[in-house]
Amino acid sequence: MEISVELFGQLRKGQNKILTVQLPVGSTVMDAVNQLGLDPEMVGMIIINGIQSELTDPLPTHCRLALFPYISGG
């Protein structure tokens, strides 16, 4: 299945902001994070089709996944 992934902040690491990713049907957010080579500990907020989600949530076909890093300040 194909999904659209939008990366924010330091999760981009020089990548395009919006990526198209191919995953097996039934994949989870964690599967997408792993395929993109991201550290799951750096993912602070997950949005699937406008709904706040978790790393263990399944990804619907042709969904839009947005990944945001934790916000830090000082």
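Colleague: Let's start with the sheet. In what order do the five strands lie, and is the sheet open or closed?

Modeller: Keep in mind that this is a predicted model. The sheet is open, and its five strands run in the order β2-β1-β5-β3-β4, with mixed pairing.

Colleague: Which strands sit at the edges?

Modeller: Look for strands that pair on one side only: here those are β2 (18-22) and β4 (51-53). Going from one strand to the next, the twist averages 30 degrees.

Colleague: How should I read the pairing itself?

Modeller: The general idea is that strands of a sheet pair through backbone hydrogen bonds, either parallel or antiparallel. Take β1 (residues 2-7) in this model. Towards β2 the pairing is antiparallel, with five bridges. Towards β5 (residues 64-69) it is parallel, with four bridges.

Colleague: Which residues could I click on to see those two pairings?

Modeller: For the β2 side, try Glu2, whose bridge partner is Gln22. For the β5 side, Glu6 stands opposite Ala66.

Colleague: And how do β3 and β4 pair, parallel or antiparallel?

Modeller: Antiparallel, over three bridges, with β3 covering residues 43-48. A handy pair to display there is Ile48 opposite Ile51 in β4.

Colleague: Now the packing. Which residues touch the most other members of the largest nonpolar core?

Modeller: That core has 20 residues, and the ones touching the most other members are Ile3, Val5, Val29, Leu59, Leu65 and Leu67. As for where the core comes from, β1, β2, α1, β3 and β5 each give two or more residues to it.

Colleague: Pick one of those for me. What does Leu59 touch, leaving out residues up to four places away in sequence?

Modeller: Quite a list: Met1, Ile3, Leu23, Ser27, Thr28, Val29, Ala32, Ile48 and Leu65.

Colleague: Ser27 turns up in that list. Where is Ser27 found?

Modeller: In the loop between β2 and α1 (29-35).

Colleague: Loop residue, then. Is Ser27 buried or exposed?

Modeller: Check its relative accessible area against the cut-off, where buried means under 20%. Ser27 comes out at 5%, so it counts as buried.

Colleague: What surrounds Ser27, if I skip its neighbours within four places in sequence?

Modeller: Ser27 is in contact with Met1, Asp57, Pro58 and Leu59.

Colleague: And what does the side chain of Ser27 reach?

Modeller: The backbone oxygen of Pro24, at 2.6 Å. So you can read Ser27 in two steps: a buried residue by its 5% relative accessible area, with a side chain that reaches a backbone oxygen.

Technical notes: Residues numbered from 1 in each chain as written. Predicted model: local features only at pLDDT ≥ 70, side-chain atom pairs only at ≥ 80, totals over all residues. Heavy atoms only, no water. Pairing = 2+ DSSP bridges. Axes fitted to C-alpha atoms, helices over the stretch in contact; angles between N-to-C directions. Buried < 20%, exposed > 50% of the residue type's maximum accessible area, 1.4 Å probe, protein only. Polar contact = N/O pair within 3.5 Å; in protein donor to acceptor, adjacent residues only side chain to side chain. Contact = heavy atoms within 4.5 Å. Core = buried A, V, L, I, M, F, W, Y, C linked by side-chain atoms within 4.5 Å.
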